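The following exercises are to be worked with the sequence and the model at hand. Each task is followed by a solution in steps.

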Amino acid sequence: MLAAVATAGLLAAPAAAQFDLSSVEVTAEHVAGSVHMLTGAGGNIGVSVGEDGVLIVDDQFAPLADKIRAAIAGISPGDLEFVINTHFHGDHTGGNAIFGEEALIVAHSNVRKRLAAGDGAGGQPGEAAPKVALPVVTYDIGVSIHFNDEQIMIGHLDGGHTDGDSYVYFMDSNVIHLGDQFFSGAFPFVDVASGGNAVGLRDSVGGVLDRLPEDAMVIPGHGPLSTVDDLRAYHRMLTECVATVQAGKDAGKSIEDIQAAGLPDEWEGWGSGFINEAVFIGFIYASL
Ligand SMILES: [Zn+2]
């Protein structure tokens, strides 16, 4: 699944529509408190349900909107009030064009800029999003939404996966959605062409770990529902892999030499889909 997911994540919205989603199933699992997680194709969706209605974090692809709606209806009859986008990539914002009709979309200001400009992932050209798909509420540093009896803190983390990344922390439920700053158990896509940076990603994740309660649950952009220990392993991977590539670069090695030498053995199984070890080394090399 991650191969298809990761590949789809690289595509701009028009190309993603050609990706066959007809056989995709959208399933829900309870995370903690008011928060659930939906899995389908594209980025994992966080869902808050309660007496105020429904709030979702990311919305995968527009052709999945009916399946996403059905999965939410299985949890709660409430109306969709808010959509938060963790970043601009089409596998996290494709549903905006549908859900923007009924809900207020909230995101970092660079998400709105990139969607309006039609930026694709990885610097590829895409198509400008229609007005209905654009975030209505934007922020540069962060904002809180008080919804379903808890504070939902949204904060920008600078220059990690892209230049418009946010975390979404459900304070009472003690659940954080990290968008694509976290690929659980896998090397991440780092969109250097869109302001992403592997060193920034390492530092952003480290900062989150410093502040996150030990018993928090963590929703990754891609991969299974995770714990703080899973996030810590991912952070250690980022730290060690960045250090390995940095040491090679400092020693005057070419990217090909560093790719030939490879990353520490412990992370051998972390390549997935198109993000194999050599590609991941390329992301880091371009970030230094
Ligand atoms: Zn992404």
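A residue is buried if 20 or more other C-beta atoms lie within 10 Å of its own, exposed if 12 or fewer, and partly exposed in between, with C-beta atoms placed from the backbone. Helices (H or I, at least four residues) and strands (E, at least two) are DSSP runs, numbered from the N terminus. The structure is a predicted model, in which local features need pLDDT of at least 70 and side-chain atom pairs count only at pLDDT 80 or more, while totals for chains, interfaces and linings use all residues. Residues are numbered from 1 along each chain as its sequence is written.

**Exercise 1. Determine which stretch of the chain calls for caution.**

Step 1. pLDDT is the predictor's confidence in each residue, from 0 to 100. Its mean over the chain is 94, and 93% of the residues reach 70 or more.

Step 2. Over residues 1-17, pLDDT stays under 50. Where pLDDT is low, the predicted coordinates should not be read in detail.

**Exercise 2. Describe the sheet that contains strand S10 and the burial of that strand.**

Step 1. Two strands pair if DSSP finds at least two bridges between them. The open sheet has six strands in the order S8-S9-S10-S11-S12-S13, with mixed pairing. Strands S8 (142-147) and S13 (226-227) are at the edges with a single partner strand each, so one side of each lacks a neighbour in the sheet.

Step 2. S10 pairs with S9 (residues 150-156) in the antiparallel sense over five bridges, and Tyr-167 is the bridge partner of Gly-155. S10 and S11 also run antiparallel, joined by three bridges, with Phe-170 opposite Val-175. In the hairpin of S10 and S11, four residues lie between the strands, and Asn-174 takes a positive phi near 60°.

Step 3. S11 (residues 175-177) and S12 (residues 217-219) pair in the parallel sense over three bridges, where His-177 has Ile-219 as its bridge partner.

Step 4. Both faces of S10 are covered: Ser-166, Val-168 and Phe-170 are buried on one side, Tyr-167 and Tyr-169 on the other.

**Exercise 3. Establish how helices H7 and H10 are packed.**

Step 1. The expected span of a helix is 1.5 Å times one less than its number of residues. The 14 residues of H7 should therefore span 20 Å, in agreement with the 20 Å between its end C-alpha atoms.

Step 2. Buried residues of H7 include Leu-201, Val-205 and Val-208. Their cover includes strand S10 (166-170), H8 and H10.

Step 3. In H10 (residues 277-287), the buried residues are Phe-280, Ile-281, Phe-283 and Ile-284. Seen down the axis of H10, these fall within an arc of 155° and so line one face of the helix; the arc is that of the directions from the helix axis to the C-beta atoms. They pack against H7 (198-211), H8 (228-250) and H9 (255-261).

**Exercise 4. Is Thr-86 buried or exposed, and which residues does it contact?**

Step 1. Thr-86 is found in the loop between strand S5 (80-84) and helix H4 (90-93). Thr-86 counts as buried because it has 32 C-beta neighbours inside 10 Å.

Step 2. Two residues are in contact if their C-beta atoms, placed from the backbone, lie within 7 Å. Leaving aside neighbours within four places in sequence, the contacts of Thr-86 include Asp-58, His-92, Asp-165, Val-168, His-177 and Gly-179.

Step 3. Thr-86 and Gly-179 are 93 residues apart along the chain, yet their C-alpha atoms are separated by 5.3 Å.
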